[in-house]
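Student: I would like to go through this protein with you, one question at a time.

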Amino acid sequence: ASSLSTVGSMGITRDSRHKHRPTGGRMPVHQKKRKFELGRPPAHTKLGPKRVRAVRCFGGNLKYRALRLEAGNFAWGSENCTRPTRIVDVVYNASNNELVRTKVLVKNCIVQIDATPFKAWYTKHYGVELTKKGKKAEETTTEKEKQSGHVLAKIRARQRDRKLDPLVEEQLVGGRILACVSSRPGQTGRADGYILEGKELEFYRRAMQKKKKA
């Protein structure tokens, strides 16, 4: 596979003509650089007010280079619910701790997002309000607004099959949820992803605790 390389001040190229043979000899360079072999510097998308730049690419296509992002669409898979919400912090990156320290958004990084939109949806959908931090996680049915008999019957039917992961519930009560970025901010200009649940959530919590101890 060809690698990114910088030759003098002439920019980044993805060709392999500059590379040595396995024996250490130099390859004869028989042609100049080509436009289709160019590479570009990484976006290093940071947390901050939205700043996206369009980049004209091969074939007249456009890439959207996000330089700063502060929100994205996040999906709650088990509840089939997607909401736009604020990204609060970058907390884990399997490839490099430096990307956590500098708060760089890349695909598959683990972020903390604001739980408010999901909490509001859960309350409305199930008629259940999760208790505040510090109290025992009891659930109280909300009867503030007037609802028709049909709506109340629907809510009761939903409550029969309602299951909430205790780790997710704990995060919802705290107001911050762990999520994974599944889009490519430097290519699409967006930081979308999904909420961590089940085995995946347990794995990343263990990994984060291990890194804290180290």
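The questions below concern a predicted model, and each answer ends on the item asked for.

Student: Which strand gives the largest share of the largest nonpolar core?
Tutor: That core has 36 residues, and those touching the most other members include Trp-76, Ile-113 and Leu-172. The largest share, 5 residues, comes from one strand, which spans residues 176–181. That strand is β12.

Student: How many of the residues of β12 are buried?
Tutor: A residue counts as buried when its relative accessible area is under 20%. β12 has 6 residues and is mostly covered. The number buried is 5.

Student: Which residue in β12 does Ile-113 stand opposite?
Tutor: Strand β9, residues 110–114, pairs with β12 in the antiparallel sense. The two strands are joined over 5 bridges. Opposite Ile-113, in β12, stands Ile-177.

Student: What is the bridge partner of Val-181 in β13?
Tutor: β12 is also joined to strand β13, residues 193–195. These two run antiparallel, with 3 bridges between them. The partner of Val-181 is Gly-193.

Student: Leaving aside its neighbours within four places in sequence, which residues is Leu-172 in contact with?
Tutor: Leu-172 is one of the buried residues of helix α4, which covers residues 166–174. Leu-172 is also among the core residues that touch the most other members. Beyond its sequence neighbours, its contacts are Trp-76, Ala-115, Phe-118, Lys-119, Leu-130, Leu-164 and Ile-177.

Student: Which residue caps the N-terminal end of α4?
Tutor: Look for a side-chain oxygen 3.0 Å from the backbone nitrogen of Leu-167. Past the helix comes Gly-175, whose phi is positive, near 90°. The residue that caps the N-terminal end is Asp-165.

Student: Why is Cys-109 in no disulfide?
Tutor: A disulfide needs two cysteine sulfur atoms within 2.5 Å, so the distance to the nearest cysteine sulfur settles the matter. A search of the whole structure finds 0 disulfides. For Cys-109, the nearest cysteine sulfur belongs to Cys-180, and its distance is 7.1 Å.

Student: Is Cys-109 buried or exposed?
Tutor: Cys-109 has a relative accessible area of 0%. Under 20% counts as buried, so Cys-109 is buried.

Student: In which helix is Trp-121, the partner of Trp-76 in an aromatic pair?
Tutor: The whole structure has 8 aromatic pairs. In the pair of Trp-76 and Trp-121, the ring centres are 5.9 Å apart and the planes are at 65°, an edge-to-face arrangement. Trp-76 is in strand β7, residues 71–76, and its partner lies 45 residues away in sequence, in helix α2.

Student: What kind of pair do Tyr-92 and Tyr-204 form?
Tutor: Their ring centres are 5.7 Å apart, and the planes stand at 65°. Planes over 60 degrees apart fall in one class, so the pair is edge-to-face.

Student: How many residues apart are Tyr-92 and Tyr-204?
Tutor: Tyr-92 is buried, at a relative accessible area of 10%, and Tyr-204 is buried at 11%. Tyr-92 is in strand β8, residues 81–92, while Tyr-204 is in helix α6, residues 198–213. The pair links distant parts of the chain, and the separation in residues is 112.

Student: Which residues do ring pairs link into a cluster?
Tutor: Trp-76 and Trp-121, which form an aromatic pair, are both buried. They belong to a cluster whose full list is Trp-76, Phe-118, Trp-121, Tyr-122 and Tyr-126.

Student: Which strands stand at the edges, each with a single partner strand?
Tutor: There is an open sheet of 3 strands with mixed pairing, in the order β4-β6-β5. A strand with a single partner has one side left without a neighbour in the sheet. The edge strands are therefore β4 and β5.

Student: Which residue in β6 stands opposite Lys-46?
Tutor: β4 and β6 are joined by 2 bridges and run parallel. β6 covers residues 62–69. The residue opposite Lys-46 is Arg-68.

Student: In which loop does His-44 lie?
Tutor: His-44 has a positive phi of about 50° although it is not a glycine. At 44% relative accessibility, His-44 is partly exposed. Its loop runs between β3 and β4.

Key
Residues are numbered from 1 along each chain as its sequence is written. This is a predicted model: local features need pLDDT of at least 70, side-chain atom pairs count only at pLDDT 80 or more; totals for chains, interfaces and linings use all residues. Side-chain values use heavy atoms; hydrogens and water are left out. A nonpolar core is a set of buried Ala, Val, Leu, Ile, Met, Phe, Trp, Tyr and Cys residues joined through side-chain atoms within 4.5 Å. Buried means under 20% relative accessible area, exposed over 50%, partly exposed in between (1.4 Å probe, protein chains only). Helices (H or I, at least four residues) and strands (E, at least two) are DSSP runs, numbered from the N terminus. Contact means heavy atoms within 4.5 Å. Two strands pair if DSSP finds at least two bridges between them. A polar contact is a pair of N or O atoms within 3.5 Å; within protein, one must be able to donate a hydrogen and the other to accept it, and residues adjacent in sequence count only if both atoms are side-chain atoms. Rings of Phe, Tyr and Trp (its six-membered ring) pair if their centres lie within 6.5 Å; planes under 30 degrees apart count as stacked, over 60 as edge-to-face and the rest as tilted.
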